[in-house]
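User: Could you take a close look at the aromatic pairs in this model, and then follow the surrounding description outward into the helices and strands? I would like one connected account rather than a list.

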Amino acid sequence: MLRAMAGPTLGVRGQSMFVRQFEVSVVDGVDRGARAVSSSDELSIGTADGNDLKLTDPAVSRHHCALRADPRGLQLVDLGSRNGTFLGDAELISGYIRSGARLRIGKTLVAVEILDREVEQPLASGDRLGSLVGASAAMRRMYPLIERCASSSATVLVIGETGTGKELIAEAIHRASPRRDAPFVVVDCSALSHDLAESELFGHERGSFTGADQARVGAFESADGGTIFLDEIGELPLALQPLLLRVLENRTTRRVGSNDYKEIDVRVVAASHRDLRALVNDKRFRADLYYRLNVLHVAVPPLRERAGDVELLARAFWQSFRGDAAMPAGLVEHLAAQSWPGNVRELRNAVERASLVGFTSEPPAPAQQATYQQAKERAVHDWERGWVERLLAAHGGNLSRAARAAKMGRSHLRELARQHGVATRSSAAEIDPDAE
């Protein structure tokens with residue numbers, strides 16, 4: 001990663017976060033003279049509608065790159081463009097750039113200037129919203145956005161790394177909305193069976209296919225009047241994406257094996273750990289579906305950007321696991337000193353493990369000094385994590401290939417990887433030619 005620091009472009013004063021505005025302008029190319037000024041902490045560039053700086057250069061991708069202000073500076077992220085984003089002779093995948101930098105995007109030269117103006121964003125005064133816990137500015141900036149999303153019926157797209165709590169955000173939107181007393185239905189798109197995915201989402205009639213011994217209500221019908229949360233929407237098979245688009249546009253569903261359409265009243269919240277714009281560029285996600293989903297947008301901060309929240313979360317998790325016992329001395333300091341690539345989920349698992357097998361700031365006690373159950377649980381946990389790490393590493397992180405090699409269910413292996421904070425690659429249906 002290249003770093004040419006531009007200084008902080010995002011900071012907190014009082015009960016507000018202030019984001020430095022920045023401008024991008026085309027200084028050479030067919031779109032010379034075009035310019036855009038940021039109105040939030042991100043500005044996108046590409047040829048597709050919806051970009052802040054929309055270009056006509058055919059060498060520029062639909063969603064080419066984005067500039068993001070964060071506490072460290074102005075970050076440029078290439079969105080999987082076909083021709084790359086260059087700073088001088090260096091191709092940037094992700095890096096921090098200075099004010100005055102000139103970027104080569106396709107056949108277009110773009111100048112970037114950080115301005116003296118700021119955009120003010122309010123911060124919530126509290127450190128909780130529903131099941132969400134966090135006192136950091138990154139979280140307190142998100143709470144008012146969640147409340148604004150809750151007051152609307154528009155579709156929401158939640159983007160964040162694995163383990164950041166996207167489902168909790170979807171539930172918080174639902175619980176704060178007028179639909180709070182209606183169903184909240186969760187669908188994990190990465191775990192849908194390819195043969196039965198349409199039935200899972202939209203239901204089926206009796207006899208519509210082999211094994212359909214009785215009619216079934218799909219997830220959308222089950223969520224009627226409430227909210228449906230489509231987790232890992234980027235893993236939805238391409239064949240099903242037009243059907244989902246139809247539901248979003250017409251608010252009707254049709255069961256497999258039926259010719260009748262049923263009207264539904266459902267609020268849709270979708271989530272992904274990947275930027276869907278890169279999937280659109282790669283033609284693995286429909287552009288029209290992306291626009292329908294991305295009406296309201298919530299970006300979830302990773303735990304590494306939530307200063308002070310590790311301690312707060314650890315105490316909250318301990319209270320939920322062992323409310324009858326005091327937290328061990330030194331545990332919070334130990335956890336705060338760690339990095340958490342698996343984010344909040346990994347931290348939660350670590351606290352749960354400590355609540356079960358105990359914690360000491362001293363080196364682990366020999367097996368003969370621990371109880372049998374403690375020693376067994378500690379050994380099983382350590383062995384299991386190592387086994388999952390080695391298995392996935394041997395198969396390049398591909399969940400489907402690793403599961404087949406281990407002769408175990410893909411969903412089971414996926415859950416083990418989640419529990420231990422082990423990274424995996426995305427759905428085999430998109431990237432594994434041998435997937436069944």
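Analyst: The structure, which is a predicted model, holds 2 aromatic pairs. One of them is formed by F202 and F220, whose rings are stacked, with 5.6 Å from centre to centre and 20 degrees between the planes. F202 belongs to helix 3 (residues 197–202) and F220 to helix 4 (residues 219–222), so this pair ties together parts of the chain that are 18 residues apart in sequence. As for their surroundings, F202 is buried, and F220 is buried as well.

A ring also takes part in another kind of arrangement, this time with a charge. The charged end of R13 sits over the ring of F18, at 3.8 Å from the centre of that ring.

The residue that follows F220 in the chain leads to a further part of the model. K262, which has its place in strand 20 (residues 262–263), is in contact with E221, R251, T252 and T253, once its neighbours within four places in sequence are left aside. For one of these, T252, the C-alpha atom is separated from that of K262 by 5.2 Å, although the two residues are 10 apart along the chain. K262 itself is partly exposed, with a relative accessible area of 40%.

Turning to the sheets, 5 strands form an open sheet in the order 17-18-21-16-22, and their pairing is parallel. Strand 17 (184–188) and strand 22 (296–299) stand at the edges and have a single partner strand each, so one side of each is left without a neighbour in the sheet. From one strand to the next, the twist averages 20 degrees. At the strand 22 edge, strand 16 (residues 156–159) is joined to strand 22 by 4 bridges, the two running parallel, and V156 has L296 of strand 22 as its bridge partner. Helix 1 (residues 137–150) packs on this sheet, where it touches strand 16, strand 21 (267–272) and strand 22, and the direction of helix 1 makes about 155 degrees with that of strand 22.

Elsewhere, the pairing is antiparallel. Strand 7 (residues 65–70) has 5 of its 6 residues buried, so this strand is largely enclosed by the rest of the structure. Strand 7 pairs with strand 5 (residues 42–46) in the antiparallel sense over 4 bridges, and here C65 of strand 7 has I45 opposite. Strand 7 also pairs with strand 8 (residues 73–78), again in the antiparallel sense, over 6 bridges, and in strand 8 the residue opposite C65 is D78. C65 therefore has a residue opposite in each of two pairings, I45 in one and D78 in the other. The link between strand 7 and strand 8 is a hairpin that passes through 2 residues.

A last helix shows how burial can be arranged around an axis. In helix 12 (residues 399–406), L399, S400, A402 and A403 are buried. When the helix is viewed down its axis, the buried residues of helix 12 fall within an arc of 165 degrees, so they line one face of the helix. Just after helix 12 comes K407, which takes a positive phi of about 55 degrees.

To return to the starting point, the stacked pair of F202 and F220 joins helix 3 and helix 4, and both of its residues are buried.

Definitions and conventions. Residues numbered from 1 in each chain as written. Predicted model: local features only at pLDDT ≥ 70, side-chain atom pairs only at ≥ 80, totals over all residues. Heavy atoms only, no water. Phe/Tyr/Trp six-rings, centres within 6.5 Å; stacked < 30°, edge-to-face > 60°. Buried < 20%, exposed > 50% of the residue type's maximum accessible area, 1.4 Å probe, protein only. Lys NZ or Arg CZ within 6 Å of the ring centre and 35° of its normal. Arc of directions from axis to C-beta. Pairing = 2+ DSSP bridges. Axes fitted to C-alpha atoms, helices over the stretch in contact; angles between N-to-C directions. Contact = heavy atoms within 4.5 Å.
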